[in-house]
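Subject: Handing over the two-chain model

Hello,

I am passing this structure on to you, as promised. Please have it open while you read, and follow along at your own pace.

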Amino acid sequence: MSPLRIQVNGEVREIAGPAKLTDLLVHLALDPRTIVVEHNRRIVRRDALAGTSLAEGDVVELIHFVGGG
Amino acid sequence: MIHAQSVALETMDQPLTIAGRSFRSRLMVGTGKYRSQAEMVGAIDASGAEIVTVAVRRVDLDRSKDESILHHLDPGKYFLLANTAGCYTAEDAIRYARLAREAGFNAFVKLEVIGDKETLLPDAVGLLEAAVTLVKEGFQVLAYTNDDLITALRLEDAGCAAVMPLASPIGSGLGLINPYAIRTIKRRLSVPVIVDAGVGTASDACIVMEQGVDGILMNTALAGATEPVHMATAMRHAVLAGRAAYLAGRMARREIAVPSSPAKGLIV
């Protein structure tokens, strides 16, 4: 249970390892149905989130739709 | 009554077809800068728009509540068009477009590659580069561009589904600055021409539609009005009026007066 230091939306965050992307979303209380996950610059589809492991130093972007023109 | 007549006008006209998808309304609206989500929903509803634009941004991690706009817009009711607003390079715009396609419900993207922070004018070179890549990846690209014919032609050649020249800079409310350029682009392109950005009030929208373009997209003109819902109603009518006037064919301009009443039968 060593903590992983990862970068999420530009901020350094710690999460208990080993962890999958789904664990990160649960940790952040985010609903995977309304967001898209980019992991080290690669888009991870919803059905692949549970199978994608996080590693120390990973860069994750969590994006969604907001108001815009 | 006015409402019923407007709907009749909408159904009388040909639908707007972009990449094989047909839309009844020629007015598209953005979702940014509203004072509240309720006001936004009210304005979109009053506008009659079917195509509604949204932006792609990072989730705010410090917010406990999910503020995704999808909670307020029914994707079954509106066609959500993601934009790449805020991108200054082709690379960024391509990244945003891919994320949007994954988050969204269709392969349409309103492509913006901005070249300058002060004017928010499009970067034609980056725009074209991004358009070529995204078209190859199967996107239906609606390209936000300058009112420049050659760029518009290049975007059409690149396979864009629609070209979106500006009326004037984003959020400026200056109205249609160069009707000649917009008419030329419309005349020379085969894909739909949707004027995007710059309208401030209903007369601006009407003048834009009178040029014969296929549609218009606006955001700040509604969100920045004192009463966005009422302005949305005004814009709906203005777009219909401008379209109807274009289809009707205006009279010729002349610089001398021609009496409307008969010259014959005057009491002398």
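Below is what I found, beginning with the contact between the chains and ending with a few single residues.

Please keep in mind that this is a predicted model.

**Where the chains meet**

The contact draws 31 residues from chain B and 25 residues from chain A. Together the two chains bury about 2,600 Å², with 58% of that area on carbon and sulfur atoms. On the side of chain B, the residues that lose the most area to chain A are B:Arg58, B:Leu61 and B:Glu102, which together account for 27% of what that side buries.

Polar contacts also cross the interface: 15 residue pairs are found between chain B and chain A. On chain B, strand S4 (51-58), strand S5 and helix H3 (90-103) each supply at least two residues of the side that touches chain A. Helix H3 of chain B gives the most, with 7 residues. By type, the residues on this side of chain B divide into 11 nonpolar, 9 polar and 11 charged.

**Strand S4 of chain B**

This strand is a good place to rest your eye, with a pairing to chain A and another within chain B. Strand S5 of chain A (residues 59-67) pairs with S4 of chain B in the antiparallel sense, over 5 bridges. You can pick out two positions along that pairing: A:Phe65 stands opposite B:Val56, and A:Gly67 stands opposite B:Val54.

Within chain B, S4 pairs with S5 in the parallel sense, over 4 bridges. There, B:Val52 has B:Leu80 of S5 as its bridge partner. How much of S4 in chain B is buried? Of its 8 residues, 6 are buried, so the strand is largely enclosed by the rest of the structure.

**B:Asn83, a buried residue that reaches across**

B:Asn83 belongs to strand S5 of chain B, which covers residues 79-83. Is B:Asn83 buried or exposed? Its relative accessibility is 0%, so B:Asn83 counts as buried. The side chain of B:Asn83 reaches the backbone oxygen of A:Gly69 at 3.1 Å. Leaving out residues up to four places away in sequence, B:Asn83 touches A:Gly68 and A:Gly69 in chain A, and B:Val54, B:Ala55, B:Val56, B:Lys110 and B:Glu112 in chain B. Two of these, B:Val54 and B:Val56, were met above as the residues opposite A:Gly67 and A:Phe65.

**Salt bridges**

Side chains of opposite charge can pair when their charged atoms come close. The structure holds 16 salt bridges over all chains, and 4 are found across the interface of chain B and chain A.

One that crosses is between A:Arg13 and B:Asp62, with the closest N and O atoms 3.3 Å apart. A:Arg13 lies in strand S2 of chain A (residues 11-16) and B:Asp62 in the loop between S4 and S5 of chain B, so this pair joins two chains. B:Asp62 has 60% relative accessibility and therefore counts as exposed. Shared partners link A:Glu11, A:Arg13 and B:Asp62 into one network of salt bridges. Within that network, the side chains of A:Glu11 and A:Arg13 meet at 2.7 Å, N to O. A:Glu11 counts as partly exposed because its relative accessibility is 31%.

Another salt bridge, in chain A, brings together the side chains of A:Arg5 and A:Glu14 at 3.8 Å, N to O. A:Arg5 is partly exposed at 44% relative accessibility, and A:Glu14 is partly exposed at 46%.

**Two more residues to look up**

A:Pro32 sits in the loop between helix H1 (21-27) and strand S3 (36-39) of chain A. With 31% relative accessibility, A:Pro32 counts as partly exposed. Apart from neighbours within four places in sequence, A:Pro32 is in contact with A:Leu25, A:Arg46 and A:Leu49. A:Pro32 and A:Glu11 are 21 residues apart in sequence, and their C-alpha atoms are 19 Å apart in space.

In chain B, B:Thr151 has its place in helix H5 (residues 149-157). B:Thr151 counts as buried, at 12% relative accessibility. Residues up to four places away in sequence aside, B:Thr151 touches B:Ala124 and B:Thr145.

Enjoy exploring, and write back whenever you like.

Best wishes

Definitions and conventions. Residues are numbered from 1 along each chain as its sequence is written. Chains are lettered from A and ligands numbered from 1 in the order in which they are written. This is a predicted model: local features need pLDDT of at least 70, side-chain atom pairs count only at pLDDT 80 or more; totals for chains, interfaces and linings use all residues. Side-chain values use heavy atoms; hydrogens and water are left out. Buried means under 20% relative accessible area, exposed over 50%, partly exposed in between (1.4 Å probe, protein chains only). A polar contact is a pair of N or O atoms within 3.5 Å; within protein, one must be able to donate a hydrogen and the other to accept it, and residues adjacent in sequence count only if both atoms are side-chain atoms. Contact means heavy atoms within 4.5 Å. Buried area is the accessible area (1.4 Å probe) that two parts lose on being put together, summed over both. Ala, Val, Leu, Ile, Met, Phe, Trp, Tyr, Cys and Pro count as nonpolar, Asp, Glu, Lys and Arg as charged, and the others, Gly among them, as polar. Two strands pair if DSSP finds at least two bridges between them.
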